[in-house]
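Colleague: Could you take one part of this model and go through it slowly, in terms that a first-year student can follow?

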Amino acid sequence: MRQCNLTDQHKEALNPRIRQWILTMLVPLGGMHSYSYNEIVNDALLQALFNFDDPELELCKTELYAMLRKDYRRYCSQRTHLPDVLQRNVAELAKLVDLNTVESCILEFAVALSMDARLADAAELLSDLNTAKLFYSLATLLDCTETEIRTALSRDGSLMRTGIFNLRNFEHVSLVSKLDVLSVSFADTLYCGTVSPHALLRDEIKYSSPAQLKIKDYPDLSAHLDILLPYLKHSLKQRSAGVNILLHGEPGTGKTELARLLAQLNHCQLYEVASEDSDGDAVSSQSRLDAYRAAQHFFANNNSMLVFDEVEDIFSESSANFFAPRSALAGKNKAWINQLLEHNSIPTVWISNSIHRMDPAFVRRFDFVIEVPLPNKEQRIKLLKRYSKDLLDKKTLQRLANQEQLSPAVIERAARVVSSIAPQIDSPAQAMQLLINSTLTSQGHSTSEPEKKQNKTQDYDPAFIRADIDLAGLTAGLLTHPSARLCLYGPPGTGKTAYGHWLAEQLDKPLIIKRASDLLAPYVGENEQNIAAAFQQAEKEQAVLMVDEVDSFLSDRRAAKSNWEVSMVNEMLTQMESFSGVFIASTNLMDGLDQAALRRFDLKAKFDFLSTEQVWKLFIRHCKQLGLPHGKKALPQQLAAVEYLTPGDFAAVTRMARFHPLHSAEAFIQALSNEASHKEQVKKRRIGF
């Protein structure tokens with residue numbers, strides 16, 4: 001039994017045309033049979049139709065059916081009209097997107113259905129409709145043939161092609177759901193507003209903000225932009241169809257700013273497809289795509305561009321991870337999405353943080369696919385100066401500029417916050433560093449200060465490395481021929497990573513270190529993408545690339561259990577062969593490396609435990625640094641009894657001494673012995689191997 005719900009709208013007089021539609025739903029289409037009880041209590045819909053003096057009036061079923069049939073015969077023979085505003089607005093939209101008479105009638109009905117609660121209540125009485133019933137119901141309501149309705153609601157019809165109705169329309173659901181128009185604000189504008197392209201899409205398509213960055217802020221993209229800018233200028237002038245640019249890269253690198261800059265340089269209005277509505281709620285991927293389709297038609301005659309950000313939920317494929325999102329929208333409608341990319345009338349910039357899981361069939365349909373990288377150090381300095389103005393002292397500026405993961409968006413946001421309160425705080429520079437470091441840490445990036453990194457080479461001495469090659473001679477050779485693939489292997493702490501730092505300093509090149517945690521990813525294919533990206537970064541920055549724990553990437557393929565393990569090794573070998581700089585791989589587990597990988601290294605250097613002479617000299621050096629007397633004759637013999645020592649052991653004990661002071665050379669030797677006792681070689685000797 002339907003309950004009485006007399007809202008303000010239910011108390012308003014019914015428009016004659018809407019009254020006809022309600023009565024048609026109730027009588028010819030059978031909605032009145034939902035009132036199946038013998039005694040029926042008046043509800044909001046019946047009150048709107050009959051305006052009973054007694055809102056609590058009870059009717060018998062037979063009496064109600066007779067009243068409805070009588071009213072149907074009385075009103076449905078009359079010539080009626082919808083409100084003038086609705087008819088006028090639909091007529092304006094029909095001119096804009098080329099709707100025919102039947103399509104306009106369907107749209108008028110759908111808007112009224114969305115905006116008039118009484119009409120929606122009547123539609124709910126029809127229960128769920130399949131496609132055939134939908135066509136029959138609309139033909140009856142709108143006095144059209146079913147063929148005309150079917151044609152108007154086909155994929156090729158303007159209502160569907162423009163996104164006014166979305167692709168859910170042919171599920172087995174209610175009439176209200178089947179004729180769900182683009183958005184509430186779209187229906188509201190048509191029902192009682194003033195029609196303009198932007199007014200119709202005011203909640204879905206937003207005016208983009210002016211660009212804050214300039215062409216000079218994208219030096220790494222100069223080659224791309226030299227082609228892209230004239231191409232866009234030509235496309236806008238010729239109104240070319242199917243112009244699409246895909247920008248991808250880590251969050252905050254300035255992809256959206258670049259899209260704004262492209263529009264600004266071409267003197268056209270940029271519109272952004274919104275990711276949230278006016279209430280701040282997230283917009284579904286289907287709704288965003290519908291809005292994009294509508295904008296392509298609504299703004300077709302304007303000098304404009306579109307930007308579609310966060311396209312992962314549109315294009316990204318599902319991964320092998322059980323907990324990952326399922327197939328994206330594009331994967332379910334490939335042919336339709338391909339057509340959308342080939343025939344869009346307005347140039348569009350699509351933005352993604354990652355294209356690793358995008359189907360290559362979609363990627364190839366973009367005119368340009370451009371990775372927007374993080375700025376290099378020189379650019380970071382310029383951006384920090386521009387946004388912070390006079391907030392940063394030189395030391396803080398240099399410290400922040402050394403953060404390789406620092407993006408323009410992080411700089412801009414931190415500077416904006418600190419600038420707004422600068423007069424009220426003691427140290428704006430410290431505040432800005434705090435905000436930036438907090439953001440980088442939350443993103444999973446290290447914020448180690450440059451001074452700490454420099455210590456890796458400050459105390460480094462090749463004399464305390466026991467390698468089976470002449471390291472000084474190797475360095476001299478690389479200065480002459482700075483292209484090599486080196487494999488450094490040996491126990492932990494023997495100085496492999498420290499040598500990488502020292503070598504890069506001697507070659508006057510930056511060092512990029514990648515570990516397993518930096519490159520391994522949970523999704524199939526991303527390991528290979530990360531490996532390729534590391535080599536590309538090193539090539540671009542002319543840096544020495546060092547991959548630590550390389551056994552994670554070059555394990556023997558004969559022992560692989562999954563295809564992805566094999567493809568990861570193949571990718572690493574391919575990148576090694578094509579890399580023109582100095583590549584260093586370090587490992588503690590030489591025996592497990594793939595045989596083909598071993599052949600590709602130009603040189604394999606073993607880093608071993610220190611000799612007795614090296615141990616004593618390094619011991620003397622550290623005793624002097626710690627201020628420990630070391631003249632006792634028994635010390636060399638005591639130290640010689642401690643086996644399997646490395647430079648890393650001395651470094652560990654020295655760090656410990658900062659908070660747990662050593663009071664004698666003997667205590668230093670005991671601390672070294674404790675470090676060595678945890679090693680596999682010492683443990684094996686204890687049990688007789």
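Modeller: Let us look at one sheet, in which 6 strands lie in the order 11-16-12-15-14-13, forming an open sheet with mixed pairing. At its edges stand strand 11 (466-467) and strand 13 (511-514), and each has a single partner strand, so one side of each is left without a neighbour in the sheet. Strands here are DSSP runs of E with at least two residues, helices are runs of H or I with at least four, and both are numbered from the N terminus; two strands pair if DSSP finds at least two bridges between them.

Before going further, please keep in mind that this is a predicted model, in which local features need pLDDT of at least 70 and side-chain atom pairs count only at pLDDT 80 or more, while totals for chains, interfaces and linings use all residues. Residues are numbered from 1 along each chain as its sequence is written, and side-chain values use heavy atoms, with hydrogens and water left out.

Starting from the edge at strand 13, we find 4 bridges that join this strand to strand 14, and the two run parallel; Lys514, for instance, has Val547 of strand 14 as its bridge partner. Strand 14 (residues 544-547) is in turn joined to strand 15 by 3 bridges, again in parallel, and here Val547 has Ala585 of strand 15 as its bridge partner. Val547 is therefore a useful residue to follow by eye, as it is the bridge partner of Lys514 and also that of Ala585. On strand 15 there is also a link to strand 12 (residues 484-489), which runs parallel to it and is joined to it by 6 bridges, with Leu488 and Ser586 as one of the partner pairs.

Strand 15 (residues 582-587) deserves a closer look, because 6 of its 6 residues are buried, so that it is largely enclosed by the rest of the structure. Buried means under 20% relative accessible area, exposed means over 50%, and partly exposed lies in between, using a 1.4 Å probe and protein chains only. Both faces of strand 15 are covered, with Val582, Ile584 and Ser586 buried on one side, and Phe583, Ala585 and Thr587 buried on the other.

To place the sheet in its setting, the protein chain has 36 helices and 16 strands, and buried residues make up 48% of its 689 residues. The C-alpha trace spans about 120 × 60 × 60 Å along the principal axes of the chain.
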